[in-house]
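Colleague: I am new to this one and would like to learn how to read it. Could you walk me through it?

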Protein chains: 2
Amino acid sequence: MRPLYHPPLDEITVQGILYALSDPVRVRIFTQLARADCAKTCSEFLHVRKKPLAKSTLSQHFKILREAGLIRSERMGVELHNSTRCAELKKRFGPMLDAILRAYELEARSS
Amino acid sequence: MRPLYHPPLDEITVQGILYALSDPVRVRIFTQLARADCAKTCSEFLHVRKKPLAKSTLSQHFKILREAGLIRSERMGVELHNSTRCAELKKRFGPMLDAILRAYELEARSS
DNA sequence: TCCATTAGTTCTATAATACAGAACAATTGG
DNA sequence: CCAATTGTTCTGTATTATAGAACTAATGGA
């Protein structure tokens, strides 16, 4: 089992971020992590919006978020503790991420 | 041949926009359109960054941009005149699009 | 120590999507 | 009306996504 890869800040791409955030499940995961004040495990997201997700699928989604540079996952015993890399990302991409999250939020409210 | 579909402003989604802009060819097309002061035809993009594109592929890319609500395509004789819907989009999504384009621009400069 | 449990990952097969060549459609100019 | 031009749609292949099954890693107890 290969170690979890986290790209360094300067290898993170806009393309990768947009792709990662163009999926509703991943957006949900990311926004929950962004809102949370402490790290969350993967399995907390096995039921996203009432839709049961296979854990292999969920694992893939986390991998995509991680390798896009959006989140950081640390092994803590048997589980992974996931948190966002928002602070770093803000340094590199300015207001982009905030603007995206805000747009998603507004969209959710209006529907 | 079915008429070109342009979603009304309130049916445009963040997800659709991010997905459309997570492909380098489409980003190139969109940014060129955004910079241009007049509409551009599809075939002007047959060579994007020295890579020859099949016109069927290009057509698909335009369709994705169009149906994501990012561009508007009008038949003018035998060709299509494409332009962005930036003004409308700004009303609905605020600074998101600008922030994305700016991030892509900075990324391009630094590489 | 060893076994059961828990949390995630990887493997494998199938379903959905992207790409590009070929045929087609629509418009215009000669 | 025919030829040329621009773009779309059709069709087959290649890549990517999903989810079940098997596997790995860490822990807590008997």
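Colleague: Which element gives the largest share of the surface near DNA strand D?

Modeller: Keep in mind that this is a predicted model. Here H3(B) makes the largest contribution to the surface near DNA strand D, with four residues. At least two residues each come from helix H3 (55-67) of chain A, and from helix H3 (55-67) and strand S4 (79-84) of chain B.

Colleague: How do the residues of that surface divide into nonpolar, polar and charged?

Modeller: For the surface near DNA strand D, there are 10 nonpolar, eight polar and four charged residues. Of the 22 residues around the strand, those that come nearest are A:Tyr19, B:Ser43, B:Lys55, B:Ser59 and B:Val78.

Colleague: What parts of DNA strand D do the atoms within 4 Å of the protein belong to?

Modeller: Sugar or phosphate accounts for 60% of those atoms, and bases for the rest. Individual atom pairs show both kinds. On the phosphate side, a polar backbone atom of B:Ser43 is 2.9 Å from a phosphate oxygen of DNA strand D. On the base side, B:Lys55 has a polar side-chain atom 2.7 Å from a base oxygen, and an N or O atom in the side chain of A:Ser56 is 3.0 Å from a base nitrogen.

Colleague: What rotation superposes chain A on chain B?

Modeller: A rotation of 180°, with 0.0 Å of shift along its axis, does so at an RMSD of 0.0 Å. That is how a two-fold axis relates copies.

Colleague: And why do the copies meet through the same surface?

Modeller: Because 100% of the interface residues of chain A are interface residues in chain B too.

Terms used
Residues numbered from 1 in each chain as written. Chains lettered and ligands numbered in written order. Predicted model: local features only at pLDDT ≥ 70, side-chain atom pairs only at ≥ 80, totals over all residues. Heavy atoms only, no water. Least-squares fit on C-alpha atoms with pLDDT ≥ 70 in both. Contact = heavy atoms within 4.5 Å. Near = heavy atom within 4 Å. Polar contact = N/O pair within 3.5 Å; in protein donor to acceptor, adjacent residues only side chain to side chain. Nonpolar A, V, L, I, M, F, W, Y, C, P; charged D, E, K, R; others polar.
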